[in-house]
Amino acid sequence: MKLVLACWLLVCGLCVTSIAADANSWKAGLGDVVITPEQSMWLAGFAGRTKPAEGTLSDLHAKSLALEDGEGHRCVIVTLDLIGIPRMLRDEVTQIVEQKRKLPPSAVLFNVSHTHSGPVVRDKIETSVIYDLDAEQGRRVEAYYVTLREKLVLSIEKALDDLKPAKLGHSHARCGFSMNRRLPSEKGPQNSPYPDGPVDQSVPVLRVDTPEGKLRGVLFGYACHNTSLVAGNYKFAGDYAGFAQEELEAALSGVQAMFLMGCGGDQNPYPRGPEEAWSRQHGKSLAHSVQAALLPTSKPISGSLRAVLKDVELEFEPLNKADIATMTQSKDPYEKRRAGFLLKEIGDRDVLKKTYAYPVQVIDLGSDVTLVALAGEVVVDYSLRLKREITGKTVWVAGYSNDVFAYIPSVRVLKEGGYEGGGAMRYFNLPGPFTPTVEERIVNQVHALLKPAK
């Protein structure tokens, strides 16, 4: 009997050891590079601005979190205090990283906070459509693009070089300053607080600890525009997301805090203003929510790492030369510049390109957490829907990832119209709006990329 009991205890001990080893088989590395421009540049966002930046409220960062499972699978999550990242820049950086570090492009996730107090980051064509910059400002945008590309590679390499044994855990909290901004009216949705509209106020948190339990890094998310600093601000700043990261790093000594933007395309922070008071207050509120999420025992993450990325073609409504000719008569300067670009693109053809290659990325953090990264300015419906449909695990949905090129409406938003439903297309060098197939195409692609259930 004693022999049987000893064997049973030995087996149980081996099982526990195996589980613990699996949960502790991760490695993690962190990298942080300041990307604040060294000279005055035009601030991205807000069409009403009339001059370039006049100083800095808070530095902008490119932060990287490298993860490696026990089988050697790796990925890097890069968070940026910028309004967007062009697909071309993502492709250039991932090509360099693949050549230098053998890390495939599908294993690198870029996510931007969408701060409207960062520099313009566009290629020449996009800059000419959205921003009517003089020659000097155009040169500064081009120079910053090159510098940024180098710094993004540096941030990723710093994280890969920092890989050390780690424990990963996940938890969540809530934060209440985000609100739907599509207030219904007789003229259609208006950009104004709409407390009865759909919202996602969850704050997902991934914590990175040493094997001994010392906190090293925190990745946290929120679905809300980084526009608590409005057009009257002319200083570089990370807005509420930047202030939240500063608050956490001050409170948690030696910890790198990283913000992952959610599906906040139709969400705004309220109240707002040109001074920094509200932005700092929202940053503190979000930081406090992250700290609250760190209080209970986090759920450990075990299993294998898996990262996949694949494009899906999104369809535009047809746009021909007659439509564009009408646009050229618009009193809106942005619409006129867009029309001029589209006329050049259409050339001798009658119809513009019909689709856009839209990147969808899925990263499985073991068997416990699935991170879905969607491109563009994604409205909140996508997050709410995917979290309903993907069951049996924690689902974390990030928008503003890998290619920020336009608003991505749901079918509901598309039918309602308004800014996110198609009106914002005047700021982009694309045909638009999208057809009603947009939501199903994206959601179906996410499901297709999910790891098959065993």
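**View 1. The loop that holds Pro-271, between strand 12 and helix 6, in the predicted model.** Pro-271 lies in the loop that runs between strand 12 (267–269) and helix 6, and the peptide bond leading into Pro-271 from Tyr-270 is cis, with omega near -5°. Most peptide bonds are trans, and most residues other than glycine have a negative phi. A further cis peptide bond joins Gly-432 and Pro-433, where omega is about 0°; Pro-433 is found in the loop between helix 10 (411–416) and helix 11 (438–449).

**View 2. The packing of helix 5 against helix 6.** Helix 5 (residues 239–251) and helix 6 (residues 277–294) pack with their axes 7 Å apart and at an angle of about 50°, which makes helix 5 oblique to helix 6. The crossing of these two helices is right-handed. On the helix 5 side the residues that meet helix 6 include Asp-239, Tyr-240, Phe-243, Ala-244 and Leu-248, while the helix 6 residues that they meet include Arg-280, Gly-283, Leu-286, Ala-287 and Val-290.

**View 3. Two residues with positive phi, Asp-239 and His-114.** Asp-239, which is found in helix 5, has a positive phi of about 60° although it is not a glycine. Asp-239 counts as buried because its relative accessibility is 0%. His-114, likewise not a glycine, has a positive phi of about 70°, and its place is in the loop between strand 4 (108–112) and helix 3 (124–130). At 2% relative accessibility, His-114 also counts as buried.

**View 4. Leu-80 and the largest nonpolar core.** The largest nonpolar core has 87 residues, and those touching the most other members are Leu-80, Phe-110, Ile-156, Phe-220, Tyr-222, Tyr-240 and Leu-286. Helix 4 (residues 135–161) gives the most to this core, with 9 residues. Apart from this core lies another one, of 37 residues, among them Leu-386, Leu-414, Phe-434 and Val-438. Once its neighbours within four places in sequence are left aside, Leu-80 is in contact with His-61, Ala-62, Ile-85, Phe-110, Asn-111, Val-112, Ser-113 and Leu-152.

**View 5. The surroundings of Tyr-407 in strand 19.** Tyr-407 lies in strand 19 (residues 407–408) and, at 7% relative accessibility, counts as buried. Not counting residues up to four places away in sequence, Tyr-407 touches Arg-181, His-225, Gly-265, Glu-377, Tyr-419, Glu-420, Ala-424, Phe-428 and Phe-434. The C-alpha atoms of Tyr-407 and Ile-442, which are 35 residues apart along the chain, are separated by 13 Å.

**View 6. Glu-71 in the loop between strand 2 and strand 3.** The place of Glu-71 is in the loop that links strand 2 (61–68) with strand 3 (74–80), and at 57% relative accessibility this residue counts as exposed. Between the C-alpha atoms of Glu-71 and Pro-433, which are 362 residues apart along the chain, the separation is 44 Å.

**View 7. Confidence along the chain and the stretch of residues 1–21.** The protein chain has a mean pLDDT of 91, and 92% of its residues reach 70 or more. Over residues 1–21, however, the pLDDT is below 50, and beyond near neighbours in sequence this stretch has 0 contacts in the model. Where pLDDT is low, the predicted coordinates should not be read in detail.

Key
Residues numbered from 1 in each chain as written. Predicted model: local features only at pLDDT ≥ 70, side-chain atom pairs only at ≥ 80, totals over all residues. Heavy atoms only, no water. Core = buried A, V, L, I, M, F, W, Y, C linked by side-chain atoms within 4.5 Å. Buried < 20%, exposed > 50% of the residue type's maximum accessible area, 1.4 Å probe, protein only. Helix = DSSP H or I, 4+ residues; strand = E, 2+ residues; numbered from the N terminus. Contact = heavy atoms within 4.5 Å. pLDDT = per-residue confidence, 0-100. Axes fitted to C-alpha atoms, helices over the stretch in contact; angles between N-to-C directions. Parallel < 35°, antiparallel > 145°, perpendicular 65-115°, else oblique. Left-handed = near helix turned anticlockwise from the far one by under 90°.
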